[in-house]
Structure formats: structure tokens, C-alpha cells
Amino acid sequence: MTRLARLRRSIEEFFPERHLYVRSGGEMRGYVLTPRKQMAVAACVSAAALWMGISSAAVLVDVLSASSADREIARTQAKYERWIADRQARLNSAVAELNAGGATNESLASSMEKRHAALAMLLTDMKGAPGAAEALAPAMGKVLASTDKNPAHRIDRVRASQDQILDAADSFAKSRADRVRLAFRLAGLTPAAYMPKGGSLGGPLIDSKDPRALAAVLDVDEDFADRIQHAATDMGEAHALEQAAQSLPLARPTSTTPQSSGFGVRYDPFTSRPAFHSGLDFPGGMMTPIHATAPGVISFTGLRSGYGQTVEIDHGRGFKTRYAHLASIAVTVGQRVAVGQRLGGMGSTGRSTGTHLHYEVWVNGRAQNPDRFVRAGAYVLKAG
């Protein structure tokens with residue numbers, strides 16, 4: 001009851017009794033506004049304001065939603081109109097080709113000739129590659145003579161044959177590039193470091209990076225040009241890596257002798273203590289021929305402490321090979337040698353317990369495991 005009394009007093013203080021006097025026509029009239037009347041008027045005004053606010057908000061939301069929906073409808077309509085226009089253009093083109101009749105056959109024949117020209121460029125680049133003839137023989141054998149008199153059937157047969165030849169060429173090029181890359185990784189080398197700088201491998205099929213541009217150059221469809229380019233790129237990469245491999249020490253320094261001591265820590269035969277062995281040992285008979293493992297320039301011949309009679313070759317790109325414990329030397333400093341060229345005869349000079357070759361491979365001043373290079377070279381020969 002006390003709280004109700006306080007609330008009543010607060011309302012009476014907010015809405016006190018007011019007197020309103022209106023003078024009209026010389027007469028004065030008075031009106032009494034009680035707290036209840038004032039509260040009723042305030043409630044009506046508040047309700048009207050709330051209703052107007054809710055109505056305005058609803059109208060604004062409807063307007064915004066309608067404008068967003070209209071924009072989405074307009075975009076959808078424009079998209080469908082473009083699709084319809086594109087389909088209509090294709091339909092008109094197809095109808096025109098059907099009406100052309102004989103011109104259609106002429107166009108297909110011309111397309112076949114252009115595809116043949118593109119294939120000829122690719123197969124010319126592949127000519128002479130080891131294993132190319134064997135890889136393409138099955139696909140070539142499927143191009144058989146046909147007794148079908150229908151020109152359309154013969155054209156379809158030629159198109160299918162072209163696709164089979166291109167598939168075989170693409171598979172061969174990719175597998176060949178992958179084999180050479182694997183050989184580099186077996187040797188502990190990064191294939192990308194031995195690719196031509198700038199990424200250009202040469203040749204019109206590889207220079208055109210954009211398939212659309214290559215399609216325009218070869219005057220063939222874009223899909224066929226893209227497949228031609230992939231095969232040519234793989235062939236170009238494989239060819240570049242094979243050329244780089246020819247300058248690396250991947251050959252064996254002796255043709256028949258097996259390997260004995262390996263690279264790394266071993267027990268020294270003189271001290272019987274663990275010691276680092278920086279190369280491979282190949283035992284054999286006295287004066288067994290020793291061959292260069294890669295082309296290069298002779299950078300040193302003569303005696304080296306512990307190595308005895310030694311030959312060193314600089315192969316470029318930071319590669320150097322060393323052939324030690326020789327009985328005789330057949331080359332001189334500054335002489336350019338080819339892979340497989342005889343450097344001297346096997347012996348037991350220097351710090352040696354018997355006739356053998358000590359062979360080392362250095363890259364940028366650091367000794368590497370020669371066995372990796374020998375294995376990589378064997379893999380390249382096997383893959384070739």
C-alpha cells in the first residue's frame with residue numbers, strides 16, 4: 001500500500017491538475033485537466049507514435065527488400081539472356097554448317113591436315129629420342145587402311161588415329177622427362193637448377209605459353225594445341241636435362257672393376273681407427289684403364305700427399321672429379337677430355353694397401369658421395 005501511494009503521488013506530481021481558460025466571443029470558459037485525462041491523452045499520443053514508427057520501419061524494410069530482389073532478378077535475367085543468345089548463335093552456326101553440305105566435309109578435311117602438320121612438328125622434335133620409335137609404334141600401327149567409302153567415316157577414323165598418336169607421344173614425353181628428373185634426384189641434384197635460365201626451352205611449340213596463342217599459330221583447336229604443348233614441354237625439359245647430364249660425372253671411372261670401400265666413415269687400414277673416406281675405391285689389376293666420368297678440362301696431374309699419382313678434372317658448374325693411386329698418367333694439365341677418355345692406368349701409389357682406384361666427386365668445394373652419381377648414371381643408361 002505504501003508503494004502504491006508513492007506511485008500515485010509520483011503520477012500526480014508528473015500530471016498535476018491543470019486549468020485551461022479559453023476566451024471566445026467575449027466569453028471566458030474554463031476547463032479542468034485532471035491527472036487521469038492527461039494520462040489518457042499521453043497514452044494515446046505514445047500509442048500513435050509507436051504505431052507510426054513501426055509502420056515506417058516496415059515500409060522501409062519492404063522498399064529495401066524489393067530493391068535487392070529487383071536487382072537479383074535483373075542480374076538473373078541478363079545472365080539467361082546471354083545464355084540464350086550464345087545458344088542461338090551456336091544453333092545458327094550448326095544450321096549453317098549443315099546447310100553448307102560439301103563445304104562441311106572440306107572444312108573437316110582442312111582441320112585434319114592442320115592437325116597432321118602440328119603432329120609432324122611434335123614428332124620431328126621427338127625423332128631420334130631413345131625409345132620414341134618403340135613407344136609410338138603401337139599407336140602408328142592402329143592407323144590401318146579402311147575400305148569404307150563414306151568420307152565422314154574416314155575423317156572420323158583419321159581423327160581417332162591422330163588422338164591415339166598424340167596420347168602415345170604425350171605419355172612417352174612425360175615418362176621420359178620424369179625418368180631424367182629422377183636420375184638427377186638420385187644424384188642428389190635439383191633438376192630445376194640445370195634447366196635453361198628464363199624457362200625458355202626453344203621451339204615454337206614451347207615458346208607459346210598460352211594455348212590460345214599456340215592454337216592460333218598452328219591453326220588448330222585449343223584443346224589439341226594444349227595437348228601438343230604439354231608433350232612438347234615435357235620433351236624439351238627431358239632434352240635439356242639430358243644435355244645437362246652429359247656434362248655431369250655420371251659415368252663409371254672403370255669399366256669392369258667392382259666397387260669396394262664406400263664413401264663415409266670407415267676403419268683406416270693403416271691406423272685401424274675410424275676415419276672419413278671421401279670417395280669410392282675400385283680394386284683391379286695393375287694398369288687397368290681409368291676413364292673420365294664426364295667431359296672437362298684437366299686441372300691437375302702429379303703427386304698429392306696420400307693420393308699418390310693423381311688426375312683432377314674440372315667439369316664446370318662447380319663439379320670436379322679426382323682419380324688417385326694411379327700407376328701412370330696419360331693426360332696433361334689444360335687438356336680437354338671427353339667422357340670415357342683414358343686418363344691413365346690403375347696402380348697403388350701413395351697411401352695405398354693394394355692396386356685400386358680412389359675416385360672422388362666434388363661439388364662447389366665439398367666432397368660428395370660418388371656412389372649416388374654412379375647409380376644415377378646407370379639409371380640414365382637403363383632408362384635410355
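1. A salt bridge here is a side-chain nitrogen of Lys or Arg within 4 Å of a carboxyl oxygen of Asp or Glu. With that in hand, Arg 304, Glu 312, Lys 320, Arg 322 and Glu 360 are linked in a network of salt bridges. A search of the whole structure finds 9 salt bridges.

2. A word on the ground rules: this is a predicted model, where local features need pLDDT of at least 70, side-chain atom pairs count only at pLDDT 80 or more, and totals for chains, interfaces and linings use all residues. Residues are numbered from 1 along each chain as its sequence is written, and side-chain values use heavy atoms, with hydrogens and water left out.

3. Do look at Glu 242, which pairs with Arg 176 in a salt bridge whose closest N and O atoms are 2.4 Å apart. The two sit 66 residues apart and link distant parts of the chain, with Glu 242 in helix α8 (residues 222–246) and Arg 176 in helix α5 (residues 151–186); helices (H or I, at least four residues) and strands (E, at least two) are DSSP runs, numbered from the N terminus. Arg 176 is buried at 6% relative accessibility, while Glu 242 is partly exposed at 22%. Buried means under 20% relative accessible area, exposed over 50%, and partly exposed in between (1.4 Å probe, protein chains only).

4. Two other pairs lie within single helices. Arg 181 bridges to Asp 178, with closest N and O atoms 2.7 Å apart; being 3 residues apart in helix α5, they are separated by about one helical turn. In helix α9, Arg 375 and Asp 371 are 4 residues apart, about one turn, and their salt bridge has its closest N and O atoms 2.7 Å apart. Arg 375 is exposed, at 56%, whereas Asp 371 is buried, at 16%.

5. Thr 321 deserves your attention too. This residue of strand β9 (residues 319–329) is buried, at 0% relative accessibility. Its side chain makes polar contacts with the side chains of His 315 (2.7 Å) and Tyr 323 (3.0 Å). A polar contact is a pair of N or O atoms within 3.5 Å; within protein, one must be able to donate a hydrogen and the other to accept it, and residues adjacent in sequence count only if both atoms are side-chain atoms.

6. Finally, helix α1 (residues 2–14) has 13 residues that should span 18 Å at 1.5 Å a residue, and its end C-alpha atoms are 18 Å apart, which agrees. The expected span is 1.5 Å times one less than the number of residues. The count of buried residues in α1 is 0.
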